[in-house]
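This report goes through one protein chain, from its strand pairing to its nonpolar cores. The sequence and the structure come first.

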Amino acid sequence: MTPRLELDCVSVRFGGVNAVQGLSLSVAPGEIRGLIGPNGAGKTTVINAITGAVRTSDGAVRLDGRDITRLPAHEISKLGVGRTFQHVEAFGEMSVLDNVLVGVGRATKGWILQYAFGTPHARHCERHLRRLAHETLEAFGLLDIRNARAADLPFGLLKKMDLARSIAAAPSLLLMDEPTSGMSEAEADSAIAAARILASSRGTTLLVVEHNMRVMMALAQRITVMQFGAVIAQGTPQEIQGNAIVIDAYLGTDDHEEGHDVVH
């Protein structure tokens, strides 16, 4: 089976700094892959390299077997690669529903011109979009606040809305950068459960950067661990939990790095 995402010896350098060093990674269609590591390990740089936000210095990035290494970011997006950011970029004056409709609309091609002329097919598409948006909001527990302004939401709910909008777009590959940061434990649990279910039903492959190890261990099928821009371990959550190299480098012991959850 052709991998949904393949990184082949990818390196990214900024001046004399090797942010990513010879990273190879293969993610199967429909897989939920975790990407963890200490601050400065290069995780967000990997996401930026995949999406075309930064240029790779060496190596290749392939999507469904196609080399996308040198494509501009907007072309990569058109191929079905989506992402979330650590800091939410929402349409603040729009409602929660309208924000998610923006995401759903990206997944529906060829209807906008018909909508402009008010054709029956356009009206049918609009009903379909709204149904998908409502289903997505319900899955994330946001349906009751669908008419609220995004700008009025507390940060945790804003992050949930951002996840809902991103998954509503039905990308073939969604790169999630700290998706549960700022959420309470209950919000994080419900958001991740919804993301898992919707990604599976809509055929979306997830690559997730997340510092909350409790969330990561519950979400990811396999985890890749980075340190100093390179991969130091890969495996199932159970294998990563018991990996001595990972424990020393990231998961920690009693004197682990502040902000990282210890996993035993």
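How many bridges join β4 to strand β5, and in which direction do the two run? The model is predicted, and in it two bridges join β4 to β5 (residues 66–67), with the strands antiparallel. One bridge partner pair is L63 and R66, the latter in β5. Two residues lie between β4 and β5 in this hairpin. D64, in the turn, has a positive phi of about 50°.

β4 (residues 58–63) also pairs with strand β1 (residues 5–14). Here five bridges join the strands, again in an antiparallel arrangement. L5 stands opposite L63 of β4. L63 therefore has a partner in β5 as well as one opposite it in β1.

The two strand pairings are set out below.

| Strand pair | Bridges | Direction |
|---|---|---|
| β1 (residues 5–14) and β4 (residues 58–63) | five bridges | antiparallel |
| β4 and β5 (residues 66–67) | two bridges | antiparallel |

**Helix α1**

Is helix α1 largely enclosed or open? Eight of its nine residues (43–51) are buried, so the rest of the structure largely encloses α1. The buried residues are K43, T45, V46, I47, N48, A49, I50 and T51; the list includes K43 and N48 as well as V46 and I50. Buried here means under 20% relative accessible area. G52, just after α1, takes a positive phi of about 85°.

**Nonpolar cores**

The largest nonpolar core has 44 residues. Among its members, V100, F140, M161, I223 and I240 touch the most others. Helix α7 (residues 185–201) gives the most to this core, with seven residues. A second, separate core has 26 residues, including L5, L35, I47 and I68. Two of these appeared above: L5 stands opposite L63, and I47 is one of the buried residues of α1.

Which residues does M161 touch, leaving aside those up to four places away in sequence? M161 touches A90, V96, N99, V100, L142, A150 and L153. V100, like M161, is listed with the residues that touch the most other members of the largest core.

**The chain as a whole**

The chain has 10 helices and 10 strands. Of its 264 residues, 49% count as buried. Among contacts with a separation of 6 or more, 67% come from residues 24 or more positions apart. The accessible surface comes to about 12200 Å², and carbon and sulfur atoms account for 53% of that surface.

How values were computed: Residues numbered from 1 in each chain as written. Predicted model: local features only at pLDDT ≥ 70, side-chain atom pairs only at ≥ 80, totals over all residues. Heavy atoms only, no water. Helix = DSSP H or I, 4+ residues; strand = E, 2+ residues; numbered from the N terminus. Buried < 20%, exposed > 50% of the residue type's maximum accessible area, 1.4 Å probe, protein only. Contact = heavy atoms within 4.5 Å. Areas by Shrake-Rupley, 256 points an atom, 1.4 Å probe, with all protein chains shown as cover. Core = buried A, V, L, I, M, F, W, Y, C linked by side-chain atoms within 4.5 Å.
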